[in-house]
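These are my notebook entries on a structure that was new to me. I set down what I looked up, entry by entry.

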Amino acid sequence: MIEVTDRAAEELKTLIEQEEKPELALRIFVAGVACSGVQYGLAFDDELSEDDVTMESNGIKLVMAKDIERSFSEGSIDFVEDENGKGFLIRNPSAGGGCGTCGGCH
């Protein structure tokens with residue numbers, strides 16, 4: 001199960017209200033692969049395909065492709081704000097990686 005923290009849920013609900021589309025889901029997708037492993041992205045989506053998996057956490061509807069669900073089943077989505085800015089943070093403890101994985105860190 002993917003956890004949406006209270007802070008992230010609060011921010012997401014505000015954004016969904018601003019869009020005036022209560023049916024929006026938060027799509028999790030693979031944005032790329034780097035030395036640190038798979039990088040995930042987030043986007044609002046109101047179109048689902050038959051290959052999508054949906055779930056809900058903290059009042060937020062989540063959607064992702066089935067192949068992502070296999071590698072991202074125990075993560076979390078948080079909202080952080082610090083001196084560097086603010087934004088959503090995706091954590092996936094089951095994602096592999098680390099420096100040296102791609103061979104480009106020598």
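**Entry 1: the helix and its two sides**

In this predicted model, I looked up which residues helix 1 carries on the face turned away from its buried side, and I found the exposed residues Asp6, Glu17 and Gln18 there. I then noted the extent of helix 1: residues 6-19, 14 residues in number. From its first C-alpha to its last, helix 1 reaches 20 Å, which is close to the 20 Å expected at 1.5 Å a residue.

Next I asked which residues of helix 1 are buried. They are Ala8, Ala9, Leu12 and Ile16. Looking down the axis of helix 1, I saw that these buried residues fall within an arc of 95°, so they line one face of the helix. I recorded the general background as well: an α-helix has 3.6 residues a turn, so residues three or four places apart point the same way.

What covers the buried residues of helix 1? I listed the elements that the cover includes: strand 1 (3-4), strand 2 (25-34), strand 3 (37-45), strand 5 (60-65), strand 6 (76-82) and strand 7 (85-91).

**Entry 2: the sheet of strands 1, 6 and 7**

I turned to an open sheet of 3 strands, whose order I read as 1-6-7, with mixed pairing. Strand 1 and strand 7 are its edge strands, as each pairs on one side only. Helix 1 packs on this sheet and touches strand 1, strand 6 and strand 7. I noted that the direction of helix 1 makes about 85° with that of strand 6.

How many bridges join strand 6 to strand 7? I found 7, and the two strands run antiparallel. As a point of reference on this pairing, I took Asp78, which stands opposite Leu89 in strand 7.

**Entry 3: an aromatic pair**

I searched for aromatic pairs, and the count came to 1. The pair consists of Phe79 and Phe88, with ring centres 5.0 Å apart and ring planes at 70°; planes over 60 degrees apart count as edge-to-face, so this pair is edge-to-face.

I also checked whether each of the two rings belongs to a buried or an exposed residue. Phe79 has 10% relative accessibility and therefore counts as buried. Phe88, with a relative accessible area of 30%, is partly exposed.

**Entry 4: strands 2 and 3**

I looked up how strand 2 and strand 3 are connected, and I found that they form a hairpin with 2 residues between them. The two strands run antiparallel and are joined by 9 bridges. Within this hairpin pairing, I noted Val30, which stands opposite Tyr40 in strand 3.

**Entry 5: positive phi values**

For this entry I kept a general expectation in mind: most residues other than glycine have a negative phi.

Which residue with a positive phi follows helix 1? It is Glu20, and its phi is near 55°. I placed Glu20 in the loop between helix 1 and strand 2. At 70% relative accessibility, Glu20 counts as exposed.

I entered Asn58 as well, which is not a glycine and yet has a positive phi of about 55°. Asn58 lies in the loop between strand 4 (52-57) and strand 5. Its relative accessible area is 33%, so I recorded Asn58 as partly exposed.

How values were computed. Residues numbered from 1 in each chain as written. Predicted model: local features only at pLDDT ≥ 70, side-chain atom pairs only at ≥ 80, totals over all residues. Heavy atoms only, no water. Helix = DSSP H or I, 4+ residues; strand = E, 2+ residues; numbered from the N terminus. Expected span 1.5 Å × (residues − 1). Buried < 20%, exposed > 50% of the residue type's maximum accessible area, 1.4 Å probe, protein only. Arc of directions from axis to C-beta. Contact = heavy atoms within 4.5 Å. Phe/Tyr/Trp six-rings, centres within 6.5 Å; stacked < 30°, edge-to-face > 60°. Pairing = 2+ DSSP bridges. Axes fitted to C-alpha atoms, helices over the stretch in contact; angles between N-to-C directions.
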